[in-house]
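Visitor: Hi, I'm new to this one. Could you walk me through it?
Guide: Happy to. Let's bring it up and start with the metal site.

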Amino acid sequence: MSQCPCNANKRFSQCCWPFISGKIKPETAEQLMRSRYSAYTRANIAYIQATQMGPAAQNFDAAEAKQWAMSVKWLGLNVIRTENGKAEDDTGTVEFLARFQLNKQIHELHEVSEFSIINDQWFYCRAALHQKPEP
Ligand SMILES: [Zn+2]
């Protein structure tokens with residue numbers, strides 16, 4: 001398989017695909033965050049829904065998310081900062097910038113995402129900072 005959408009230096013098959021395909025569970029919040037980004041680039045909203053809980057899962061419109069994910073061209077992901085979110089932690093925070101192109105314009109999505117361990121599995125729970133640019 002080709003390079004991973006989350007990191008051009010890694011192969012998809014050795015980075016996010018094992019998580020997205022359900023073969024293994026992410027060990028860290030960053031792994032989950034990266035795999036969710038990669039799932040978005042493939043408009044795999046089922047994976048997005050399966051890996052979120054709490055506020056993030058409320059008011060989530062799967063059809064709208066799918067349409068948005070398919071209408072943008074994903075350009076890359078930068079993980080800026082992670083706090084906790086390791087295998088031994090219960091919670092974690094990942095700050096990232098995701099770049100995408102929509103209607104010939106480049107946009108940056110800047111988010112501080114909060115993750116929690118629920119039933120031995122990482123879930124995306126909340127965006128502490130969410131700046132989605134105007135369309
Ligand atoms: Zn990846």
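Visitor: Which protein donors does the zinc ion have?
Guide: The zinc ion has Cys4 (SG), Cys6 (SG), Cys15 (SG) and Cys16 (SG) as its protein donors, 2.2 to 2.3 Å away. Donors here are N, O and S atoms within 2.8 Å of the metal (3.2 Å for Na, K and Ca), and water is not among the atoms, so sites may look incomplete. Please keep in mind that this is a predicted model, where local features need pLDDT of at least 70, side-chain atom pairs count only at pLDDT 80 or more, and totals for chains, interfaces and linings use all residues. Residues are numbered from 1 along each chain as its sequence is written, and side-chain values use heavy atoms, with hydrogens and water left out.

Visitor: How are those donor residues spaced in sequence?
Guide: The spacing is C-x1-C-x8-C-C. Cys4 and Cys16 link distant parts of the chain, twelve residues apart: Cys4 is in strand 1 (residues 3-4), and Cys16 is in the loop between strand 2 (7-11) and helix 1 (17-20). Helices (H or I, at least four residues) and strands (E, at least two) are DSSP runs, numbered from the N terminus.

Visitor: And what is the site of the zinc ion like, tetrahedral or irregular?
Guide: The site is tetrahedral, with angles of 102 to 117° among the four donor atoms. Four donors get that label if all angles lie between 85 and 135 degrees.

Visitor: Why does Cys4 count as buried?
Guide: Cys4 is buried because its relative accessible area is 2%, and buried means under 20%, exposed over 50%, partly exposed in between (1.4 Å probe, protein chains only). Cys16 is buried too, at 1% relative accessibility.

Visitor: Switching topic, which residues lie nearest the centre of the second largest pocket?
Guide: Those are Lys10, Cys15, Phe19, Gln31 and Arg34, out of 13 lining residues. Pockets are found on a 1 Å grid over the protein atoms alone: a pocket is an open set of points with protein on both sides within 12 Å along at least five of seven lines, and lining residues have an atom within 4 Å of a point. Cys15 also appears among the donors of the zinc ion.

Visitor: What gives the most to that lining?
Guide: Helix 2 does, with three residues. Strand 2, helix 1 and helix 2 (29-41) each supply at least two.

Visitor: Okay, on to Thr93. Buried or exposed?
Guide: Thr93 counts as buried, at 18% relative accessibility. Thr93 is in strand 4 and touches Arg81, Thr82, Glu83, Val112, Ser113 and Glu114, leaving aside residues up to four places away in sequence. Contact means heavy atoms within 4.5 Å.

Visitor: And where does Lys104 lie?
Guide: Lys104 is in the loop between strand 4 (91-102) and strand 5 (105-118). Lys104 counts as exposed, with 79% relative accessibility.

Visitor: Any unusual spots in the backbone?
Guide: Here are two with a positive phi in a residue other than glycine: Asn84, near 55°, and Asn119, near 50°. Asn84 is in strand 3 (residues 73-84), while Asn119 is in the loop between strand 5 and strand 6 (121-131).

Visitor: How exposed are Asn84 and Asn119?
Guide: Asn84 is partly exposed, at 47% relative accessible area, whereas Asn119 counts as exposed at 72%.

Terms used:
Tetrahedral: all angles 85-135°; square planar, octahedral: opposite > 155°, others 65-115°. 1 Å grid on protein atoms, 1.4 Å probe; cavity = no way out; pocket = protein on both sides within 12 Å on 5 of 7 lines; lining within 4 Å.
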